Structures are given as C-alpha cells and as structure tokens.
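Visitor: Hi! I have a fresh model open and would like to walk through it with you. Can we start with the strands?
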Amino acid sequence: MTAQRYSSTAIALHWLLALLLAFQISLGWALEGNNGPELFARFQLHKSIGIAILLLSLARLAVRLFTPRPPASEGPAWTRALASTVHWLFYAVMILGPITGWLIVSTAKVQVPTLIFGVIPWPHLPVGHGWHDPAESIHGAMAWLAIGLFLLHIAGALRHQWLLGKPELQRMIPFAKGKAVGAAIGALALVFAAMVAAKLVYPDKPRVAAERAEEPVSAAPTAAPAAEEAKTEEAEEAEPEETAQPLADWSVGSGGRLGFTARWNGEAVAGRFGRWDADIKFSPDDLAKSRIKVTVDLASADTGDGQRDDSLKGSDFFDSGAHPKAIYTARDIRHLGGDRYEARGTLDLRGVERPATLRFTLTIDGDRARVSGSTRIDRTAFGVGQGEWAATDAIAAGVDIAFSFGATRPAN
C-alpha cells in the first residue's frame, strides 16, 4: 500500500533541519563585529550547528532513499522537475555547506580546535591552505542558495495546498488535520523564531578599548616609595625582638590557586592553571637567603571554554608544545611592613625572560603559613599573542596574575 504520509522519522528530521537551517543562516549574518568573546562564541556555535546539520542531513538522505514515502504530486512535467530539483539542491546545500565550512576552519591561519557544543572534539581535515579561498567562496554561495531554496520550497508547498487544493502539508506537518492552516502558520512562526533567536544569541556588548580599563604595564620592577620604606624601617625598629625563624623549605599544600585575568574587548576573561608547583626556601628573618621558584604547566590553563583553552595552548599564545612550562624565579625578597612582602625576579614564558615583580601577604602561625598576592605582566613582552592577536585593541596587553595557597615547613 502506498504511504499517504511521510514516516515519523522523516517528519522529525525535516522540521529539525528546517529550524536549524533557518537559525544557521541568520547566525551567519551575525559573524561580524567586534573581535571579542561574543563573536568567538557565535563562531563556535556556528560550527557546532553546521556539523549537526551535516549529520542530520545524511540521516535524512538515508531515510529518503530507504523508507517508503508518498508519491510525487501530479502536475505538469516542469513543476515536478522543479520540485525534484529544489529537493536535491537542498541536500546539496545541507551537505556541501557544512563541508566547506569544515574546510574553512581546517585551513584557517589561526587554528581554533572544534568542540561540538563545547563537548565533543571534531578533527580538522588534512588539507592544505590552498583549499581555503575556494571553500570560503562556495560556503558563501551556499548561504544565498539556501535562502532561495527556502522561498521556492515554501511557495511550492503553499501553491499545492491552497491554489491547487492538494493536501501536501498534511503529509509532512505533525498532527495536521483538515487544511492544516493552523499547523502551517505555527510551522512558519517557528522558522521565523529560529531566525530571530540567532540574532539574539551572544549579543555584542558596548565596545570598550581594552587598554582604557587598566593601568599602564611596566616590565621593570616598581620600587616602593621612599616614604613607605621609611615607615617600614620605623615599624621594624618599633617591633619587639622575637626569636629568629630559621631558613626552611616550605611545602605548598593542596587547594592552592594560581589564576589569571585578561581583558578581551573590555570584558574580563578569568582562568586558572590546574597544575603548578613551588620550590620555596624562606625565612622572614633571613630574606637575603630566601628564594622562590614557581613552575607552571601551561597546558593546564582553564578558562571554562574548551575551544578557547585549546587555542591558548597553540602557537599563537602559550605555544605549550614548544614551551610547556613557565618559570618564575625570585631571589630579591623585601619586607614592606606588617604582613606585606615584595618579590623581585624573572619570568620565563615562551622562551622569553623578563623582570617581574609581585607583592604578597604572608601570615605564619607556627609551622603553617598562608600566602596570597598578585602582579601584572605585559603579555606582548613575552610574545603571547601572535598574528592578529598581537594587537592590544581587542586583547589588552596587561594580564593580572593572582595566587593564594597554604604551606607548611618541617617542625623545629
């Protein structure tokens, strides 16, 4: 017996693809604007939706080829040929569009890893950069072709339903009865809503010059003001004498945090390093012999966005494949008064060494200590941010580093 309606699977795939395609085309027009977190997020969503459309289109094609479906509508040969052409061109758009987008991502100068909806890794195609420009041209053409096919498909369905009186919509719209007027209006409303939603996702925030929100960054250590040093000396003279604390090796306890905050298009992007350790030999009474060495595993950077984190590991930023560790070493530690200290040393990052000064507070209770502090570095001084990321109008030069941890020393 000839089927009168499409299968439930075909219907579900048809409307899911219609909504995704409407969303994707509208989102494609929003892939311009400020080079900030919002645009980055829209690109990642665009890639995920594209791969979803590719996989669902292949499934829809298999359903069309291997499951029963209603017979083609009767009518002049040219209308049947046009309808068939539109359907097959839709498959070409829904398959070729994502594939060319995949080629664009795979051959881009800035290699951003792809995670489908931020979870499932998706590989790059093993092709040369020569594919980039042709793929980009075809990808853009697919968008315009999809719009034209959308209009032809809708016009054809409405023509059959109301001008020719053929119940075409009832065969594809779920739960449609009678002339399916309400269902048709609802379906069109959903498609329109998908297009509007794409315009609203990750809205741009007012652009703020990245450097305006921060203080000037200096690679050289900042000396304490003379008045502050004088006060420190007075405070030290006024303090009662205590038993000197011996120089000791301190072990950093679990639960410490080493974080960083960059400013991207004026918006703070915070992250942390999951793996780092410190070699500390310290005594508040023997600062001349005290030293600090902190080693950071750059591949452990975590900003809460897998694709962004993978980009940080790449050659444009940390280049953790060639330079897996960042090392801070300080041998000039000064007491600023009370529980405040300053450490002057060097930071080795991406194979570049620069002076770096950090200030911290230290409280010692018996054989336990608590430390917290911060500093700011100029990422451009270390070459963090290559190519289009070297400019500081989008990503500010200054990056704030903050840390806190507990430590213990052997009992006296």
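Visitor: How do strand 9 and strand 10 pair, and over how many bridges?

Guide: Happy to help! One thing to keep in mind is that this is a predicted model. Strand 9 pairs with strand 10 (residues 340–349) in the antiparallel sense, over 9 bridges.

Visitor: Which residue stands opposite Tyr328 there?

Guide: That would be Leu347, in strand 10.

Visitor: And what sits between strand 9 and strand 10?

Guide: The two strands form a hairpin, with 2 residues between them. Gly338 is in that turn and has a positive phi of about 60°.

Visitor: Which way does strand 7 run relative to strand 9?

Guide: Strand 7 (residues 291–297) and strand 9 (residues 325–337) run antiparallel, joined by 6 bridges. To pick out one pair, Val296 has Ala326 in strand 9 as its bridge partner.

Visitor: Back to phi for a second. Which residues have a positive phi without being a glycine?

Guide: Asp319 is one of them, with a phi of about 50°. You'll find Asp319 in the loop between helix 8 and strand 9. Arg350 is another, with a positive phi of about 60°. These are worth a look because most residues other than glycine have a negative phi.

Visitor: Where is Arg350, and is it buried or exposed?

Guide: Arg350 lies in the loop between strand 10 and strand 11 (352–365). Arg350 has a relative accessible area of 16%, so it counts as buried, the limit being under 20%.

Visitor: Switching to helix 8: which of its residues are buried?

Guide: In helix 8 (residues 306–313), the buried ones are Gln307, Arg308, Asp309, Ser311 and Leu312.

Visitor: What covers them?

Guide: The cover includes helix 2 (37–66) along with several strands: strand 1 (114–116), strand 4 (257–264), strand 5 (267–273) and strand 8 (301–302).

Visitor: What does the side chain of Asp305 reach at the start of helix 8?

Guide: A side-chain oxygen of Asp305 comes to within 3.0 Å of the backbone nitrogen of Arg308. Arg308 is also one of the buried residues in that helix.

Visitor: Last topic, the surface. Which residues make the nonpolar patch of about 370 Å²?

Guide: Leu65, Phe66 and Trp88 make that patch. Phe66 has its place in helix 2, and helix 2 is among the elements covering the buried residues of helix 8.

Visitor: Why does Phe66 count as exposed?

Guide: Phe66 counts as exposed because its relative accessibility is 67%, and the cut-off for exposed is over 50%.

Note on methods
Residues numbered from 1 in each chain as written. Predicted model: local features only at pLDDT ≥ 70, side-chain atom pairs only at ≥ 80, totals over all residues. Heavy atoms only, no water. Pairing = 2+ DSSP bridges. Helix = DSSP H or I, 4+ residues; strand = E, 2+ residues; numbered from the N terminus. Buried < 20%, exposed > 50% of the residue type's maximum accessible area, 1.4 Å probe, protein only. Contact = heavy atoms within 4.5 Å. Polar contact = N/O pair within 3.5 Å; in protein donor to acceptor, adjacent residues only side chain to side chain. Patch = residues over 30% accessible without salt bridge, like charges linked within 9 Å, V, L, I, M, F, W, Y side chains within 5 Å. Areas by Shrake-Rupley, 256 points an atom, 1.4 Å probe, with all protein chains shown as cover. Salt bridge = Lys/Arg side-chain N within 4 Å of Asp/Glu carboxyl O.
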